[in-house]
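Here are a few notes to read alongside the structure. Keep the view open and find each spot as you go.

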Amino acid sequence: MELRQVRYFLTVVDGGSISEGARRLHISQPPLSLAMRQLEEELGAQLFVRGHSRLTLTEAGRAFYQKGQNLVELALQTSREIREMRRERTLHLGVTPTTVPLVMPALQAIRNQDPAVRIDLHDGSTYQLLDLMARRLVDAAVIRTPCSAGNLHQVSVTHDSMLLLSPGGRTEGPVGLEVLSPLPLILYRRYRDFILDAFSHHALKLKLVGECDDARTAISMVRAGLGYAVIPSTMGGAASGIAARPVVAPELTTEILFVWDRDLPLVQEMKEQLLAIAEKKEQ
C-alpha cells in the first residue's frame, strides 16, 4: 500500500464521489477508480458503497478513513521534522563585507569540528541583513554599528577602529582627524554620515573626492591613485601593499555585533567561535 493511495482515498471520501475526488486531485476518473479497487483488493475489504449521488463508507471504510488521516498527518509531521533537522545542520548566516575577515576563521573552526555542516552565506549591508533577519531568511548575522538591532538577541563581538589608506605612501604612525581634513578622501558610503558627523563635531572640513558602496571598492580606488580612503581595520588584510595608518578618533570606533532570534545549536556554536577568535586577537 502506498501513501498516495491513502491520500486518494481520503480525497474521494471528502469529496463524496469518485468524480469529485478526481476533480480535486486533478486526474481523470478511470485511474482513480482503478486505484481505489486496487486498494480494496490489497486490504481485502470493501471500503465504500458507490451510490448514484454519493458514496457510503462501510465499517471497514470508516476505520480506514480514521487510520488514513493519522497516517497522512504522521507523514507530514515526519517530513517537517526531517526538514528542520536538515536546517539545523545548515547555518544560514548573514555577513557584511567588512566582517568577512572575522567570520571566516569561525566558520572554518565549525567545519573542522563537523565537516557535515553546510554554510549558507548571505552578503549584504547591515540594514539588508537586518531585513533578512526580520523575514527569517537567515538564522543569524554579523553586523556593524551604527545600527539598531531591535528585539533581536545580540552580543558584542569586538570593537573596531578605522584605517587611513594612502596611495603611493608609506606606513607611518597613527593619524588624527586633523591630518585627514585636507586629504582628498574616498568614503565607503555606509559610513559617510558617521564620518562627516565626527569631522563636524571637531569643526573640521572634509575634502570628499569619491564614494562607493563597498570597502573593497574603496581599496581598489586607492590602488588606482584616486585618493585616500577610510575603511574599518578588519579590512586591512585586503589592502596589502597599500600604506595603512590607524585613525585615532574614538568617534569613529564601531562595534561588530552577532545577532540572532532563535537559539539553534549552530547559531550558538557560531557565537562561541566568534567570541573566542575575537578574544585571541585582543590578547
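1. Let's begin with Glu40, which sits in helix 3, the stretch covering residues 29-43. Keep in mind that you're looking at a predicted model. Is Glu40 buried or exposed? Its relative accessibility is 12%, and buried means under 20%, so Glu40 counts as buried. Leaving aside residues up to four places away in sequence, Glu40 touches Ala45, Gln46, Leu47, Phe48 and Arg50.

2. Now turn to the surface. Met1, Leu3, Leu43 and Leu71 make a nonpolar patch of about 320 Å². One of these, Leu71, belongs to helix 4 (residues 59-88). With a relative accessible area of 38%, Leu71 is partly exposed.

3. Next, have a look at the open sheet of five strands. Its order is 9-8-10-7-11, and the pairing is mixed. Why is one side of strand 9 (207-212) and of strand 11 (243-247) left without a neighbour in the sheet? Both stand at the edges and each has a single partner strand, so one side stays free of a neighbour there. On average, neighbouring strands in this sheet are turned by 30° against each other, if you ignore direction.

4. Zoom in on one pair within that sheet. Strand 7 (residues 162-166) and strand 10 (residues 228-232) run antiparallel and are joined by four bridges. If you'd like one bridge to track down, try Leu163: its partner in strand 10 is Ile231.

5. Which helices go with the sheet? Helix 9 (residues 215-223) packs on it, touching strand 7, strand 8, strand 9 and strand 10. The direction of helix 9 makes about 150° with that of strand 10. Helix 8 (residues 192-201) lies across strand 7, strand 8 (184-188), strand 9 and strand 10, and it runs at about 135° to strand 8.

6. Some backbone details deserve a check too. The peptide bond from Thr145 to Pro146 is cis, its omega being near 5°. You'll find Pro146 in the loop between strand 5 (140-144) and strand 6 (153-160).

7. Finally, look at two positive phi values. His26 isn't a glycine, yet its phi is near 60°; this residue is in the loop between helix 2 (18-25) and helix 3. His26 is exposed, at a relative accessible area of 73%. Ala203 isn't a glycine either, and its phi is about 55°. Its place is the loop between helix 8 and strand 9, and at 68% relative accessibility Ala203 counts as exposed.

Methods
Residues are numbered from 1 along each chain as its sequence is written. This is a predicted model: local features need pLDDT of at least 70, side-chain atom pairs count only at pLDDT 80 or more; totals for chains, interfaces and linings use all residues. Side-chain values use heavy atoms; hydrogens and water are left out. Buried means under 20% relative accessible area, exposed over 50%, partly exposed in between (1.4 Å probe, protein chains only). Contact means heavy atoms within 4.5 Å. Patches are made of residues with over 30% relative accessible area and no salt bridge: like charges are joined within 9 Å, nonpolar side chains (Val, Leu, Ile, Met, Phe, Trp, Tyr) within 5 Å. Accessible areas come from the Shrake-Rupley method with a 1.4 Å probe; for residues, only the protein chains shown count as cover. A salt bridge is a side-chain nitrogen of Lys or Arg within 4 Å of a carboxyl oxygen of Asp or Glu. Two strands pair if DSSP finds at least two bridges between them. Axes are lines fitted to C-alpha atoms, for helices over the stretch in contact, and angles run from 0 to 180 degrees between N-to-C directions.
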